[in-house]
Amino acid sequence: MEITKKVLEGNVRTVSRLIRNLEDGVPEARDTLKKIFHHTGKAHVIGFTGSPGAGKSTLIDAMITEVRKTGKTVGVLLVDPSSPFTGGAILGDRIRMQRHSTDPGVFVRSLATRGALGGLSKAVGNAIHILDAMGKDYVIVETVGTGQQEVEIINHSHTVIVVAIPGMGDEIQAIKAGILEIADIFVINKADRDGAGKLYQELMYMLNMADGFPGGWRPPIIKTENMFDTDSFRKSLIELVDTIDQHYKNLVDNNLLGNRIRRKATLELTEALHSAILDPVLTKLVESGEMTQMADKVLNKTADPYTLAEEIAKKYLREL
Amino acid sequence: MAKKRLRIMVAKPGLDGHDRGARVLARCFRDAGYETIYTGCHQTPEEIAAAAVQEDVDCLGLSCMSGAHRFLFPETVKKLRELGADDIQVIGGGIIPPADFQLLYDAGLKGVFVPGIALDDIVKWIEENIVPNIKD
């Protein structure tokens, strides 16, 4: 109970440890999550995705600066890949936004993917709930640098921002089918570079082909330029923050917010069922040594995995 | 239950911009299987301590080549303690004269590593001395 209270009060140590425990699968953390869940749903969750080096972290840093001027608070989750060989990771997105680290209205946490393939980590969904419960007005999630189909971010955000940069040539063609479909807002970053006009046209062309948009929201395309030209960079950031707020308003006005939240709810239920039904069975099989015996059978071709799985299902889930 | 994965932060306090060593170490920690947060150059002790708490790291490695370690390392430990994070173990490295080691240990550093020490020995030291935090 004490932990729940501390999370709701926004205690940084408690929150960061709780996220840690959820990543590590500590059972007590899940109990805390049950209590916190009812306090969630207030934050506007914004996802940033795009290819590596597109400028996601830099844009988030600049966005935090603008948002903080209005007095609103921000929680940020930054995802970087884990090594498939050692499980280690370099989490380096934070470098771009270290200047906010002593601001009590900003909480920044880096997460490693730990084998998840959708551009996020498995713990991100729950970490969003925690930052929401601790009272952050905005929760910003940055995906790993994405290519074509790391679209998991749509299950967790109210507003998805796809950051594209000029000069990637054919990659625009390649990403047409995946990532570009999930954008609520496009940002063309490094728009002072050659090819920005062409990229803008490509995106416009793609949007022109769409058969209408839910709630009449045609994803706007915002150009952000050289961050060292501070005046014009700031202006484009103000435009971005305004557009993000307008998008949220559009979702609310058109009763579309529920659809987004339902996506996340379905996903969370699926995951919860997985850990409530499958995980205990797997644990039992491993602990009793049955898993090894079955693996041997499959290895020796004395049984096939499909029959074995059906037998296990019958044994543990009699109702099925 | 999954095994606790060690989280470590590599940080450079002060105005020293020689970060090759810090980056080599970050890479070495990644290869040792740790989740490694690197915060870049030119950080104040306050910024580093706040980041270490938000990231819930088990160990914080400070790097300094400019000779300012006598002030910056103890100051960072102090800021961590002010945030109630005295369970985060602090180690340091860089161009540090042996005569300063005791001063740093007295300030609360758990280890000091200088040029000539093998990366494997640093990882071995961490394996033996840093236990992932498991309290609530």
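In this predicted model, the secondary structure of chain A is made up of eleven helices and eight strands. Along the principal axes, the C-alpha atoms of chain A occupy a box of roughly 70 × 50 × 40 Å. The radius of gyration of chain A is 22 Å, which agrees with the value near 20 Å that a compact globule of 320 residues would have. Inside chain A, 38% of the 320 residues count as buried. Among the contacts of chain A with a separation of 6 or more, 73% join residues that are 24 or more positions apart.

Attention now turns to the place where chain A meets chain B. Chain A brings 29 residues to this contact, and chain B brings 29 residues as well. On the side of chain A that touches chain B, two or more residues come from each of α2 (12–24), α3 (27–36), β3 (89–91) and β4 (106–112) of chain A. Of these elements, α2(A) gives the most, with six residues. As for chemical character, the residues on this side of chain A divide into eleven nonpolar, eleven polar and seven charged.

One of the elements just named, β3(A), also takes part in strand pairing across the two chains. Its partner is strand β2 of chain B, which spans residues 35–38. β3(A) and β2(B) run in the parallel sense and are linked over three bridges. A helpful place to look in the structure is A:Ile90, whose bridge partner in β2(B) is B:Thr36.

Note on methods:
Residues are numbered from 1 along each chain as its sequence is written. Chains are lettered from A and ligands numbered from 1 in the order in which they are written. This is a predicted model: local features need pLDDT of at least 70, side-chain atom pairs count only at pLDDT 80 or more; totals for chains, interfaces and linings use all residues. Two residues are in contact if their C-beta atoms, placed from the backbone, lie within 7 Å. Helices (H or I, at least four residues) and strands (E, at least two) are DSSP runs, numbered from the N terminus. Ala, Val, Leu, Ile, Met, Phe, Trp, Tyr, Cys and Pro count as nonpolar, Asp, Glu, Lys and Arg as charged, and the others, Gly among them, as polar. Two strands pair if DSSP finds at least two bridges between them. The radius of gyration is taken over C-alpha atoms; the globule rule is 2.2 Å times the number of residues to the power 0.38. A residue is buried if 20 or more other C-beta atoms lie within 10 Å of its own, exposed if 12 or fewer, and partly exposed in between; C-beta atoms are placed from the backbone.
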